[in-house]
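Dear colleague,

Please find below the structure that I am handing over to you. My findings follow directly after it.

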Amino acid sequence: MMNKIFAFKCSKHKYLKHSHLKYKKIMVATSLVGCSLLLTACAGTLRASWPTALSPFNWFGSSLSVSEQGMGKINKQTDMTQSAIEQSLAGKYRLRSGMEMQNGKLVSVVQGMKDGQVKLEFHGLVDGKVNRIDILDDGIKTVWGAKIGIPFSDLYKKAFGECQRSHDLTIQPTVVCTAPQSQHVSYVFTGIWDGPEGLMPSDDVLKNWKVSRIVWKS
């Protein structure tokens, strides 16, 4: 008899426990539905109130990169205007614009500023399209992995057939090399050179030079 009573009590206890679990499950499910509705409402509010450039949905996968086509969304089809470039950069840089003469032609120049320094330069004929981009921002890579500061030896084994001496960009000794993957992209290397003016440094000297600028041309 005691066993039966004990068995009954256990059974009743299990039933109560089971009922309690069902009640908890119902409460949890109800709470989840409420949270789901709340999150949906909040998500709708976020989408409506965040500016495009600051939206959390743009924090990932929106980094700029240089390719054969251009940089990010900016390419040879982009109007050479500050407004068009600003829209493509999504507010990442403070822009300023001006004009200069290049090879007897009036050229528009738009500079992208960050922390008081020029990080990007866009060139193109007045009322034309972007035909050149100079990248000085070490946070921007090419799609092949090159970036500002990478040494010559990481990209080339030798300069012959790939590089030429230049005096146009800086007062430092400068060598410009075409990217192995594209004729539209070049790397500007600077470093120490005590040799004759105008001559190409040896590969042994160049191996320690670093990229100071990445140039894209249409």
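**Aromatic pairs**

The model is a predicted one. Across the whole structure, a search identifies 3 aromatic pairs. In one of these, Phe152 and Phe189 have ring centres 5.2 Å apart and planes at 70°, so this pair is edge-to-face, the angle being over 60 degrees. Phe152 belongs to the loop between β8 (141-142) and β9, while Phe189 belongs to strand β11 (residues 185-190); the pair therefore ties together parts that are 37 residues apart in sequence. Phe152 and Phe189 are both buried.

Phe189 also pairs with Tyr156: their ring centres are 6.1 Å apart and their planes stand at 75°, so this pair is likewise edge-to-face. This contact links distant parts of the chain, since Tyr156 is in the loop between β8 and β9 and Phe189 is in strand β11, 33 residues away. Phe152, Tyr156 and Phe189 together make up one aromatic cluster. As to accessibility, Tyr156 has a relative accessible area of 6% and is therefore buried, the limit being under 20%. Phe189 has a relative accessibility of 0% and so counts as buried.

**The sheet**

Strand β11, which carries Phe189, is part of an open sheet of 8 strands. The order of the strands is β4-β5-β6-β7-β12-β11-β10-β9, and their pairing is antiparallel. At the edges are β4 (94-102) and β9 (163-166), each of which pairs on one side only. On average, neighbouring strands of this sheet are turned by 25° against each other, with direction ignored.

At the β4 edge, 9 bridges connect β4 with the antiparallel strand β5 (residues 105-114). Within that pairing, Met101 has Leu106 in β5 as its bridge partner.

**Helix α2 and Ile85**

Helix α2 (residues 82-89) lies across β4, β5 and β6 (117-125), and runs at about 135° to β4. Ile85 is located in this helix. With a relative accessibility of 0%, Ile85 counts as buried.

Which residues does Ile85 contact, leaving aside its neighbours within four places in sequence? They are Ile74, Asp79, Met80, Leu95, Val110, Phe122 and Val130. In addition, the C-alpha atoms of Ile85 and Gly112 are separated by 9.4 Å, with the two residues 27 residues apart along the chain.

With kind regards

Methods: Residues are numbered from 1 along each chain as its sequence is written. This is a predicted model: local features need pLDDT of at least 70, side-chain atom pairs count only at pLDDT 80 or more; totals for chains, interfaces and linings use all residues. Side-chain values use heavy atoms; hydrogens and water are left out. Two strands pair if DSSP finds at least two bridges between them. Helices (H or I, at least four residues) and strands (E, at least two) are DSSP runs, numbered from the N terminus. Axes are lines fitted to C-alpha atoms, for helices over the stretch in contact, and angles run from 0 to 180 degrees between N-to-C directions. Contact means heavy atoms within 4.5 Å. Rings of Phe, Tyr and Trp (its six-membered ring) pair if their centres lie within 6.5 Å; planes under 30 degrees apart count as stacked, over 60 as edge-to-face and the rest as tilted. Buried means under 20% relative accessible area, exposed over 50%, partly exposed in between (1.4 Å probe, protein chains only).
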